Amino acid sequence: MHPYWPLYLQALLYLHIACGAVAFLCAPVALLAVKGGRKHRQWGKVYFWAMAGVAVTALTLSLALPIFFLAMVAVFSFYASFAAYRVLYLKDLPQGGRPRPIDWFAAILTLCSSFLLFLMGFLKPDVMHVGVIHIAGYPVSIVSVIFGILGMRLAQNSLADFVKPPRGKMFWWFTHLRGMIASYIAAMTAFSAVNLGHWFGPAWWVWLWPTILGVPAIALWTGYYTKKFTPKPKQAVA
């Protein structure tokens with residue numbers, strides 16, 4: 001925050017911090033609670049709406065300042081929790097259910113925004129500012145590139161399910177799980193960037209260490225539930 005900021009920007013920043021703190025603290029409660037239980041649903045809703053508050057305030061601040069990198073990151077990071085929340089209402093996709101217009105709009109917006117984030121990492125790394133490294137003598141915002149890839153992947157997964165209905169009956173479980181964990185990784189990234197950035201500046205690892213740890217965690221958790229939901233072969237009776 002800067003002293004010359006107008007009052008409404010200062011208020012938005014305080015609201016952004018408050019929403020982020022709520023999301024950061026309540027997510028582990030929802031994650032560790034019994035899946036599908038009352039506590040899981042209640043804390044999950046608190047987390048989702050806190051992340052919505054984070055996204056709205058971040059997007060507003062990013063456009064007002066302006067900081068276009070944070071604006072595009074706000075879109076894809078919120079989409080992770082949005083897709084995870086919305087899939088609970090799209091469990092009937094394998095049976096011919098249809099996504100709502102808001103689902104299409106959010107996925108396409110995230111795809112376009114993330115593609116722009118990816119391109120800007122190569123074309124305008126000075127504008128992206130964070131995580132700039134040199135590849136073959138050319139500056140590249142590696143953070144912008146990686147976040148762009150992750151955002152496009154999230155949106156593509158959703159669009160693929162909208163176009164071609166998923167086969168697995170429990171597809172929604174994995175979409176929900178991956179999306180919520182991915183959005184929490186985004187929250188941890190913001191926390192790291194704000195706090196560690198004071199000492200280490202816009203270094204790439206300040207922004208990427210939550211992703212480096214979180215992506216394998218998602219893979220392990222997905223593998224665990226894939227094995228759990230796979231029917232065990234029946235043993236032949238002698």
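In this predicted model, Ala136 is placed in the loop that lies between strand 1 and strand 2. Although Ala136 is not a glycine, its phi is positive, at about 55 degrees. The relative accessible area computed for Ala136 is 72%, and because this value is over 50%, Ala136 is classed as exposed.

The two strands on either side of this loop, strand 1 with residues 132–135 and strand 2 with residues 138–141, run antiparallel and are joined by four bridges. Together, strand 1 and strand 2 form a hairpin in which two residues stand between the strands, and Ala136, with its positive phi, belongs to the turn. Among the bridge partners, Ile135 is matched with Tyr138 of strand 2, while His134 has Pro139 of strand 2 as its partner. As a general feature, the side chains of a regular strand alternate between the two faces of the sheet.

With respect to the chain as a whole, the secondary structure comprises eight helices and two strands. Read from the N terminus on, the elements follow the order α-α-α-α-α-β-β-α-α-α, and the radius of gyration of the protein chain, 19 Å, is close to the 18 Å given by the globule rule for 238 residues, so the chain is as compact as a globular protein of that length. Taken along the principal axes, the box filled by the C-alpha atoms of the protein chain extends over roughly 80 × 45 × 35 Å.

Burial, contacts and surface were also computed for the protein chain. Of its 238 residues, 42% count as buried, a class that requires a relative accessible area under 20%. When contacts between residues at least 6 apart in sequence are considered, 70% of them are found to join residues that are at least 24 apart. The area exposed by the protein chain amounts to about 14,100 Å², of which 71% is supplied by carbon and sulfur atoms. As regards charge, the protein chain carries 19 positive and 4 negative charges, and the mean position of the positive charges lies 15 Å apart from that of the negative charges.

Methods: Residues numbered from 1 in each chain as written. Heavy atoms only, no water. Rg over C-alpha atoms; globule rule 2.2 N^0.38 Å. Buried < 20%, exposed > 50% of the residue type's maximum accessible area, 1.4 Å probe, protein only. Contact = heavy atoms within 4.5 Å. Areas by Shrake-Rupley, 256 points an atom, 1.4 Å probe, with all protein chains shown as cover. Lys, Arg positive; Asp, Glu negative; His and termini not counted. Charge placed at Lys NZ, Arg CZ, Asp CG, Glu CD. Pairing = 2+ DSSP bridges.
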